[in-house]
Amino acid sequence: MAKAAAEDVAATDAQDRVLTIPNAISVARLAGVPVFLWLVLGLRTQTGDWWAFGLLIASGLSDWLDGKIARALNQQSRLGQLLDPTADRAYIVATVIALAVRAIIPWWLVILLAVRELMLGIVLLVLRRHGYGPLQVSFAGKAATATLLYAFPLLLLGAHTAVYSEVARIAGWAFAIWGSALYWCAAMLYVEQARRILRGESGGRSPVTTQRGDRQTRPPG
């Protein structure tokens, strides 16, 4: 009994860690967001766009790397569970706004994605009001985020006047269309999951959100 209690305390302490390698990587990813905006909106050159493209690739690779390190070194933490999806969203928001400002994508696409985020934000507030934690992440949500993170860098390069522009633009819009559709499909799945949780249907609950106030590994994507 005492041993089990000690293990629970140790697990809680581990989750409360701040200074970990994955957290440092996530903070570095977030620090790259203003750099990306300066490259795209400040410089507005092909060289700046390529540096921004490289920064997005580095961000995507570091997103995969910090998860691998966290699992390999057992350095999962609540802060990391917050930082990781926050960095993903920050890059999506920054990229979408930057491309819209440069007239590379239409503003209706920005509104389409923003309305989805607003709707999910309301759902999460309702769940929190009833004492529940965040929703379980779905595969569709992860796939949508990854697809959009592919789409926007390609659209950025597609705006250039170069031999690669046409291919980049076509591929970018293909990813953008599929990514936006998946983004909304994932949102509908989250809404249904929340509805079933609020109605008390166990089939709609994540294993990590079966009790009120429990914390999920990360917010939905």
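**Notebook: salt bridges, buried sites and confidence in a predicted model**

I began with Arg 195, which is partly exposed, its relative accessible area being 33%. The model I am reading is a predicted one. I looked up the partner of Arg 195 and found a salt bridge with Glu 192, in which the closest N and O atoms are 2.6 Å apart. Glu 192 is also partly exposed, with a relative accessible area of 32%. I noted that both residues lie in helix H7 and are three residues apart, about one turn of the helix.

**Entry: overall layout**

I then turned to the whole protein. I recorded seven helices and zero strands. Read from the N terminus on, the elements run α-α-α-α-α-α-α. Of the 221 residues, 40% are buried. The exposed surface comes to about 12100 Å², and carbon and sulfur atoms supply 69% of that area. I also looked up the contacts between residues at least 6 apart in sequence: 78% of these join residues at least 24 apart.

**Entry: confidence**

I checked the pLDDT before going further. The mean for the protein is 84, and 84% of the residues reach 70 or more. Among the elements, helix H7 (residues 165-198) has the highest mean pLDDT, 95, and helix H1 (residues 2-15) has the lowest, 51. Over residues 2-11 the pLDDT is below 50, and this stretch has zero contacts in the model beyond near neighbours in sequence. I found a second stretch, residues 202-218, where pLDDT stays under 50. For residues 202-218 the model has 41 contacts beyond four places in sequence. I remind myself that where pLDDT is low, the predicted coordinates should not be read in detail.

**Entry: salt bridges between helices**

I counted eight salt bridges in the protein. Side chains of opposite charge can pair when their charged atoms come close. I looked first at Asp 88 and Arg 29, whose side chains meet in a salt bridge at 2.6 Å, N to O. Asp 88 belongs to helix H4 and Arg 29 to helix H2, so this pair ties together parts that are 59 residues apart in sequence. Are Asp 88 and Arg 29 buried or exposed? I find both of them buried. I also noted that Arg 29 and Asp 88 are linked with Asp 63 and Asp 84 in a network of salt bridges.

I next looked up Arg 89, whose side chain meets that of Glu 117 in a salt bridge of 3.2 Å, N to O. Arg 89 lies in helix H4 and Glu 117 in helix H5, so the pair ties together parts that are 28 residues apart in sequence. I recorded Arg 89 as partly exposed, at 23% relative accessibility. Glu 117 likewise counts as partly exposed, at 27% relative accessibility.

**Entry: Ser 26**

I looked up Ser 26, which has its place in helix H2 (residues 21-43). Ser 26 counts as buried because its relative accessibility is 2%, and the cut-off for buried is under 20%. Which side chain does Ser 26 join through a polar contact? I found that of Asp 66, at 3.1 Å. Leaving aside neighbours within four places in sequence, Ser 26 is in contact with Asp 66, Leu 83 and Asp 84. Asp 84 is one of the members of the salt-bridge network recorded above.

**Entry: Val 123**

I placed Val 123 in helix H5 (residues 107-129). Val 123 counts as buried at 15% relative accessibility. Not counting residues up to four places away in sequence, Val 123 touches Leu 135, Val 191 and Ala 194. I also looked up the separation of the C-alpha atoms of Val 123 and Pro 134, which is 9.5 Å. These two residues are 11 residues apart along the chain.

**Entry: a nonpolar patch on the surface**

My last search was for nonpolar side chains at the surface. I found a nonpolar surface patch of about 410 Å², made by Val 18, Leu 19, Leu 79 and Leu 82. Where does Leu 82 lie? I place Leu 82 in helix H4 (residues 78-101). Leu 82 is partly exposed, with a relative accessible area of 48%.

Definitions and conventions. Residues numbered from 1 in each chain as written. Predicted model: local features only at pLDDT ≥ 70, side-chain atom pairs only at ≥ 80, totals over all residues. Heavy atoms only, no water. Patch = residues over 30% accessible without salt bridge, like charges linked within 9 Å, V, L, I, M, F, W, Y side chains within 5 Å. Areas by Shrake-Rupley, 256 points an atom, 1.4 Å probe, with all protein chains shown as cover. Salt bridge = Lys/Arg side-chain N within 4 Å of Asp/Glu carboxyl O. Helix = DSSP H or I, 4+ residues; strand = E, 2+ residues; numbered from the N terminus. Buried < 20%, exposed > 50% of the residue type's maximum accessible area, 1.4 Å probe, protein only. pLDDT = per-residue confidence, 0-100. Contact = heavy atoms within 4.5 Å. Polar contact = N/O pair within 3.5 Å; in protein donor to acceptor, adjacent residues only side chain to side chain.
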